[in-house]
Structure formats: structure tokens, C-alpha cells
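Please open the structure in your viewer and keep the sequence panel visible beside it. The tour proceeds from the whole chain to selected parts.

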Amino acid sequence: MNMKVIVSDKLAMEGVQKLKDGGFEVLEAWDEPKDKLPELIADCDAIVIRSATKATKELIDAGTQLKVIGRAGIGLDNVDLEHAKAKGIVVVNTPAATTASVAELTFTLMLATVRDVVRGTTGIKEGKWEKKQLKGNEVFGRTLGVIGIGRIGTAVAERAEAFGMKILAYDPYTKSDKFENVDLDTIIAQSDFITQHLPLTPETKHMIGKDQFARMKDGVTILNVARGGTIDEDALYDAMVSGKVAKAALDVFETEPPVDNKLLTLPNLICTPHIGAQTHEGQLRAGIQVAERVMEELNKLG
Ligand code: NAD
């Protein structure tokens, strides 16, 4: 009997097709209400998800035949990993599929902050020609501090190097073989731009807060395209109001979507709605890779 895979979040159709071509029966369930998933998963051997489906203990238990959970993307915060492991269910993801997408958004935001692209656009649309007010800065020759020099941090640093920036990297677990490795204090004290590319963990929560902002260069620019919560948003707000932080760009927030977030009142903040991985290329890669990984695991089981 064919093995059955439920795809419960919208996936690149090329990934869905790959599963079908591999001889698997595919249940296309992304338009189904999420509360119907426990019923639909009952006879499935694998589930493929993105971020919308929560692979909770209850959903995992409802999948009585479940052997593999495939997450298209990197974050596994929506999977009860401990419970899956306890039940012998393999969890696979596609950590490298969207590295270029996230790095490019980080760079987009960095250049947009220094050249006031957003204010320039809204100004013109509102009938203002703020040529004199919008004198920006170059990134050329300036120092970028990269906190977390894994896949995305490295990809951002490579792009920054091509723009003539000096790179400082801090990562207690990975040493870069391409960029200068320094301690966190050096990044904080010497960087003109600081960008984080690390997971949100108890250790990284609010790792940039009041004390760190106080020790930064005046006029520093802060970028966060990693996870909301690694920067203390209240402390960032105070540092932006005082002028210590000249500009900030965020793709992620402690609460998403942000509700009554005072950062949104600041003219020197630009932001995007957690779209780091949201590109056609990245999602295509993630869809195909997750299908391949899920098939690989199912095929091992015969
Ligand atoms: P990665 O695992 O390759 O790199 C993460 C790095 O963070 C690792 O080298 C690790 O050693 C380092 N790290 C862990 N704890 C640290 C600490 N306390 N201080 C400094 N460094 C620390 O992961 P990646 O593929 O580069 O992704 C990085 C992050 O990007 C992810 O964790 C995720 O939060 C985020 N992300 C965001 C989006 C988005 O849509 N905005 C999309 C994908 C990933």
C-alpha cells in the first residue's frame, strides 16, 4: 500500500509534485481548517508543514501511523520535538533553503536605512521633495558587527565585504574561517551596524539590552532579521529616542504582528512583516528539499 503524506500548509507545488512522482499519496490539506487536522492525519505516514500548522502533542498523537514530520524552513518552534522524539518520529527541516533570501533582506534593510529609502518614497507620494533632508551615509568603509556567524550571518558578511565594509563576527559556538572573530564587547563598542543571526534561546533572549546600547557607538544602526526577543524592544525604543541608535530595521518582533508597539511610532524605524524567507526562490527550494527529505526518511522504512 502506498504511503500517505498530508501537506497541511501551502507548499511550492513543485514539492507536492515531487512527493507524487515519488509514488506517495498526497493529501492536499492546506485549505482545510486547522482543527480538522487531527482527523485528517489519522492514516498518514508523514506530515509536511511550514509555520501555520502547530505540530503539538495532540496532533502528533492523532497521527497514529505518523513516522516523519517535515518542516519546510528552518524554525522548529512549532513542533513538539520532545514528544516526537519520544514516539520515534523523525523530524526534518530545510535549514539552508532560504539563507540567500534572508541575507538579501538583511542587506536590503541596511541599505534602505542608510539612504532613507522608505521616507523618500512616502515623502514623494505625499507631495514632499525632501532632497536636502535626506542626506544619507555610505556603508563603504564602515564596520558591521555580525552576532551569530552561521549560515545567514556568513552570507550577510560576504555581501557586506563586497560593499567594502569591515566585518567583526561574534559567535561562542562557531568560529568563522573567513571573518575576524571577536568577543561580544568588541562588537558592541566598535560597530557602526549591528546585525543578529541567531536563534531565540534563553541565552539569546534580550542579549541586546540597556547595558549593551549604552556601550555602543553614538549613531549606530541596529538590524534584526533573526527572531523577535533577541533585542529588548523597550531598551531599543529608549536608545532610539535618545539618539544613541540612529536607525533600526526589524523584520521580526517580540509579538507578531506587533500590537501597540511604541517602536512603530518612531520615524527612524523601518520594518517588514517577517518576510526574510518569503521569496519565490527560497520557498521553491524549501518545498523541493522538504519533499526530498521526507521521502528519504519514508523510503528508509520501506
Ligand atoms: P545557523 O544555525 O546556521 O546559525 C546560527 C548561529 O547562531 C550559529 O552559528 C550559532 O552558533 C549562533 N549562536 C547561537 N547562540 C549564540 C549566542 N548566544 N551568541 C552568538 N551566536 C550564537 O542558523 P541560520 O540559518 O544562520 O539562521 C539564523 C537565524 O535566522 C535562525 O535561528 C532564525 O532565527 C533566523 N531566521 C529568520 C528568518 C526570517 O524570516 N526573518 C528566516 C530564517 C531564519
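Begin with the chain as a whole: of its contacts between residues at least 6 apart in sequence, 57% join residues at least 24 apart. Please note that this is a predicted model. Show the C-alpha atoms alone; along the principal axes they fill a box of roughly 70 × 45 × 35 Å. In cartoon view, the protein chain presents 11 helices and 12 strands. Next, display the surface, of which about 15100 Å² is exposed, with carbon and sulfur atoms supplying 53% of that area. Of the 302 residues in the chain, 49% are buried.

**The largest nonpolar core**

Select Ile147, Phe213, Ile222 and Leu236. Within the largest nonpolar core, which has 28 residues, these four touch the most other members. Now colour the elements that give two or more residues to this core: strand E7 (166–170), helix H8 (184–190), strand E10 (220–224), helix H10 (233–242) and strand E11 (245–250). Helix H10 provides the largest share of the core, namely five residues.

Apart from this core lies another, of 25 residues; Ile167, Ala169, Ala249 and Ile270 are among them.

Return to Leu236 and show its surroundings. Which residues does Leu236 contact, leaving aside its neighbours within four places in sequence? They are Phe213, Ile222, Ile231, Val245, Ala248, Leu250 and Leu263.

**The cavity**

Leu236 also belongs to the lining of the largest cavity, so keep it selected and add Asn224, Gly228, Gly229, Thr230, Ile231, Glu233, Leu250 and Val252, which complete that lining. The volume of this cavity is about 40 Å³, and the count of cavities of 30 Å³ or more comes to one. Colour the lining by class to see four nonpolar, four polar and one charged residues.

**Ala286**

Finally, select helix H11 (residues 280–300) and find Ala286 within it. Is Ala286 buried or exposed? Its relative accessible area is 1%, and because buried means under 20%, Ala286 counts as buried. Show the residues around Ala286: apart from neighbours within four places in sequence, Ala286 is in contact with Ala72, Gly73, Thr94 and Ala97.

As a last step, draw a distance from the C-alpha atom of Ala286 to that of Thr121. The two residues are 165 apart in sequence, and their C-alpha atoms are 33 Å apart in space.

Conventions
Residues numbered from 1 in each chain as written. Predicted model: local features only at pLDDT ≥ 70, side-chain atom pairs only at ≥ 80, totals over all residues. Heavy atoms only, no water. 1 Å grid on protein atoms, 1.4 Å probe; cavity = no way out; pocket = protein on both sides within 12 Å on 5 of 7 lines; lining within 4 Å. Points joined across faces, edges and corners; volume = space filled by probe spheres on them. Nonpolar A, V, L, I, M, F, W, Y, C, P; charged D, E, K, R; others polar. Core = buried A, V, L, I, M, F, W, Y, C linked by side-chain atoms within 4.5 Å. Buried < 20%, exposed > 50% of the residue type's maximum accessible area, 1.4 Å probe, protein only. Helix = DSSP H or I, 4+ residues; strand = E, 2+ residues; numbered from the N terminus. Contact = heavy atoms within 4.5 Å. Areas by Shrake-Rupley, 256 points an atom, 1.4 Å probe, with all protein chains shown as cover.
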